[in-house]
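Ready for some practice in reading a protein model? Have the structure open beside you and try each exercise before you look at its solution.

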Amino acid sequence: MTETAIAWNTYSQQRPERRPVNAAGETTWFNWTQYADHGPGVELLDLRPDGRVLDLGCGKGGNAAHLATLGLDAVGVDVSPVQLRAAEERWGGAPGLEFRRADALAYLQEGGEDFDAVYSVYGVVWFTDPAALLPLVRDRLRPGGTLAFSQRPPVEGCYGCQASYIPRGEDEDPLVVKRWDYEPHVWISLLRETGFTDVTAQVLPAPPGNRKTGTLIVTARG
Ligand SMILES: C[S@@+](CC[C@H](N)C(=O)[O-])C[C@H]1O[C@@H](n2cnc3c(N)ncnc32)[C@H](O)[C@@H]1O
């Protein structure tokens, strides 16, 4: 197993399951943010009713499962077997839903049927060099298809490739994964340079309460 997969397996074991129902009493829902019951929904993906959609770094699969319940064909790709085991246990067998264990770059390079939308929620777009990833995503989008992603906004002055630490036991070093942090205007430039159009990038403020970190949300057309 790769170091990346081992790191994300460790992360997975530290993360709680998605709640059985959200504040509206729904059993499936889409969440772009780090806060419960906050932010936009599937409308960001601008999908037709029978669209085909790819979740890059689907984790435990809750967002992809929601899209499948709406009648879309949803593929969730993740490098972590522990994340995918949790996804299969909770959502496996739902019509229109497929989970694939793969590194995202390798999956995109494989080719195959294209997608109407590709998205990443604190997922692969955050944890992969955009110079390698964005052209591959564009290649796998149908013309006019949507790329949308969310992640934590950068800390002021800390831009480009950064280290994220995944804690382990007291006697062990943390595991490290790389992430790519940019301000909204830089994402807009990167996406336009890759050939995307209609690019938007903004930071959605946190909901009322003690926590102040917003959510960077970016959308673009292939
Ligand atoms: C912070 S988690 C977010 C998971 C999920 N999108 C969510 O909102 O709960 C990041 C996910 O991206 C996956 N990931 C990171 N790098 C990846 C890569 N190169 N290929 C596939 N999956 C990757 C990890 O295994 C992990 O499940």
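**Exercise 1: Neighbours of a strand**

In this predicted model, Arg52 stands opposite Asp73 in strand 2. Work out in which sense strand 1 and strand 2 pair, and how the chain crosses from strand 1 to strand 2.

*Solution.*
- Step 1. Begin with the pairing: strand 1 and strand 2 run in the parallel sense, joined over five bridges.
- Step 2. Now follow the chain: it leaves strand 1, passes through helix 2 (residues 62-69) and arrives at strand 2, a β-α-β crossover that is right-handed.
- Step 3. Look at strand 4 (residues 115-121) as well: strand 1 pairs with it in the parallel sense over three bridges. Here Asp55 has Tyr119 as its bridge partner in strand 4.

**Exercise 2: Inside or outside?**

Find out how many of the five residues of strand 1 are buried, and which of them point the same way.

*Solution.*
- Step 1. Count the buried residues in strand 1 (residues 52-56): five of the five are buried, so the strand is largely enclosed by the rest of the structure.
- Step 2. Sort the side chains by direction: Arg52, Leu54 and Leu56 point one way, while Val53 and Asp55 point the other way.

**Exercise 3: Two positive phi values**

Asp37 and Tyr122 are worth a visit. Decide for each whether the residue is buried or exposed.

*Solution.*
- Step 1. Recall the background: most residues other than glycine have a negative phi.
- Step 2. Take Asp37, in the loop between helix 1 and strand 1. Its phi is near 55°, a positive value. Asp37 has 12 C-beta neighbours inside 10 Å, so it counts as exposed.
- Step 3. Take Tyr122, in the loop between strand 4 and helix 5 (130-140). Tyr122 has a positive phi of about 50°. With 20 other C-beta atoms within 10 Å, Tyr122 is buried.

**Exercise 4: Around the ligand**

Describe the shell around the ligand: how many residues surround the ligand, and which are the closest?

*Solution.*
- Step 1. Count them: 18 residues surround the ligand, and the closest are Trp8, Gly57, Gly59, Ser80 and Ala104.
- Step 2. Group them by class: nine are nonpolar, seven polar and two charged.
- Step 3. Trace where some come from: helix 1 (3-14) and strand 2 (73-78) each supply at least two residues of the shell.

**Exercise 5: The whole chain**

Check the radius of gyration of the chain against that of a compact globule.

*Solution.*
- Step 1. For 222 residues, a compact globule would have a radius of gyration near 17 Å.
- Step 2. The chain has 17 Å, which agrees.

Methods. Residues are numbered from 1 along each chain as its sequence is written. This is a predicted model: local features need pLDDT of at least 70, side-chain atom pairs count only at pLDDT 80 or more; totals for chains, interfaces and linings use all residues. A residue is near a molecule or strand if its C-beta atom, placed from the backbone, lies within 6 Å of it. Helices (H or I, at least four residues) and strands (E, at least two) are DSSP runs, numbered from the N terminus. Ala, Val, Leu, Ile, Met, Phe, Trp, Tyr, Cys and Pro count as nonpolar, Asp, Glu, Lys and Arg as charged, and the others, Gly among them, as polar. The radius of gyration is taken over C-alpha atoms; the globule rule is 2.2 Å times the number of residues to the power 0.38. Two strands pair if DSSP finds at least two bridges between them. A crossover is right-handed if, with the strands pointing away from the viewer, the path from the first strand over the helix to the second runs clockwise.
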